[in-house]
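Trainee: Please take me through one part of this chain closely, then work outward from it to the rest. I would like the cut-offs behind the terms as you go.

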Amino acid sequence: MKKSYFIALCVIAMTSCSAPGDELLSQDESNNLQTLNGSKSNMLAKGGFRDNPDTPSPPPSGIWAKSFYLTNPIYGFYSDLTKKHLYNTSPLVSELPKSYAGQSYYFQERLLGSADGPGATITRWFNTVSNDLVLTTNPNELVGQSNWERRDLGTSYNGDEPGSFPIYRYFNSGKKTHFYTRDKNELGDGKDGYAYEGLAFYLKDSEPKAYRIRDGQFYQDNNTGALYVVFESTLRRIESAAVMNNLFSPLIVFPGNVDEELTGDRGPDITSSAQLVQNTNDGKIYMVDDGLYRYIPDTQTFNAFRFKESSIQRKPVRMMFVGKNIVKTY
């Protein structure tokens, strides 16, 4: 396991206990936040669960993961029946151009690469009569010619980017089909009825791209079985499944190697002392988080963290250690 970094608890203050609910009035007046029943206006506090009350207002860096989905891929298909080559950004045969017979006989035979570069747009031209398909970065190559349908597939690379590679273009006049490959050794300068037409454009293999995880997303580590939740842009371990079931109703818990796959700040554990409480003196709902009563200001915030409504304890609270309001940060 990599070293985890913990965010200290925010400064806590003892409120007065002169009468039931009195200690909450100053909190109401200063925050003027909306309760779950919508009785007050919503003015969400900035920040979250932090150790420094002077933390600046810009949002924290958050929890990030890397997506291994291909970005703007171009797939190649071939049919032994039609002897045609077709290209598309979807790996599904059903999403190939529709204007020809024998679609069900096509199969995906290759991945050309990722069209996600800073270069010229790659346009797919499909001929509805001959079923030929042309990929080109020349926007005027087939303009004005009959029976060609146009669709942009992505953007090429310039060829000087690390990892970029050329895509070579061929044409078989007998079969009326264009063919593209990243390996020039496949057809060289032309053979088997295919004439070499030159270098078409540059592509790259897709690389993982980072994306930010939203508050209220749950994970379970494949190695340890530990449960986690993204909470106010930090990753917090949930002490046990019982704690999870007592506080949250997640739609889905994603499996993964948490330390390896998720980057960003680690917060304090959510322990068995955590609970949901509604103060019957004023109707406000709190998450008791390591002894701090943290106000949940509205239904949107309550639902964002997948808090469990059936676990709310309803009781009068005369005094409490008040923490910062729960905030949906992302």
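Mentor: Start at Asn127, which is found in strand E6 (residues 121-127). Helices (H or I, at least four residues) and strands (E, at least two) are DSSP runs, numbered from the N terminus. This is a predicted model, in which local features need pLDDT of at least 70 and side-chain atom pairs count only at pLDDT 80 or more, while totals for chains, interfaces and linings use all residues. Residues are numbered from 1 along each chain as its sequence is written, and side-chain values use heavy atoms, with hydrogens and water left out.

With a relative accessible area of 8%, Asn127 is buried; buried means under 20% relative accessible area, exposed over 50%, and partly exposed in between (1.4 Å probe, protein chains only). Not counting residues up to four places away in sequence, Asn127 touches Asp132, Ser146, Asn147 and Trp148. Contact here means heavy atoms within 4.5 Å.

Strand E6 forms a hairpin with E7, with five residues between them, and Asn131 in the turn has a positive phi of about 65°. The two strands pair in the antiparallel sense over four bridges. Two strands count as paired if DSSP finds at least two bridges between them. Within this pairing, Arg124 stands opposite Leu135 in E7. Leu133 and Leu135 point one way from E7, Val134 and Thr136 point the other way, and all are buried. In a regular strand the side chains alternate between the two faces of the sheet.

After the hairpin, the next stop is Glu141, which forms a salt bridge with Arg169, the closest N and O atoms being 2.7 Å apart. Glu141 lies in the loop between strand E7 (133-136) and strand E8 (148-155) and Arg169 lies in strand E9, so this pair ties together parts that are 28 residues apart in sequence. A salt bridge is a side-chain nitrogen of Lys or Arg within 4 Å of a carboxyl oxygen of Asp or Glu. The two partners differ in cover: Glu141 counts as partly exposed because its relative accessibility is 24%, whereas Arg169 is buried at 13%.

Strand E9 leads into a sheet. The open sheet has four strands in the order E10-E9-E12-E11, with antiparallel pairing. Its edge strands are E10 (177-181) and E11 (190-191), each of which pairs on one side only. Strand E9 (residues 165-172) pairs with E10 over five bridges, and Asn172 stands opposite Thr177 in E10.

The structure holds 13 salt bridges, and two others are worth following. One of them joins the side chains of Asp289 and Arg236 (2.9 Å, N to O). The pair links distant parts of the chain, with Asp289 in strand E19 (residues 285-289) and Arg236 in strand E16 (residues 234-238), 53 residues apart. Asp289 is buried at 1% relative accessibility, and Arg236 is buried with a relative accessible area of 1%.

The other joins Asp269 and Arg237, whose closest N and O atoms are 2.7 Å apart. Asp269 lies in the loop between helix H3 (258-261) and strand E18 (275-279), and Arg237 lies in strand E16, so the pair ties together parts that are 32 residues apart in sequence. Asp269 is partly exposed at 27%, and Arg237 is partly exposed at 28%. Salt bridges that share partners also join Glu232, Arg236, Asp289 and Arg294 into one network.

For the chain as a whole, there are four helices and 22 strands. Buried residues make up 46% of the 330 residues. Among contacts between residues at least 6 apart in sequence, 68% join residues at least 24 apart.

Last comes confidence. The average pLDDT of the chain is 83, and 80% of the residues score at least 70; pLDDT is the predictor's confidence in each residue, from 0 to 100. Over residues 1-60 pLDDT stays under 50, and the model has 122 contacts beyond four places in sequence for that segment. Where pLDDT is low, the predicted coordinates should not be read in detail.
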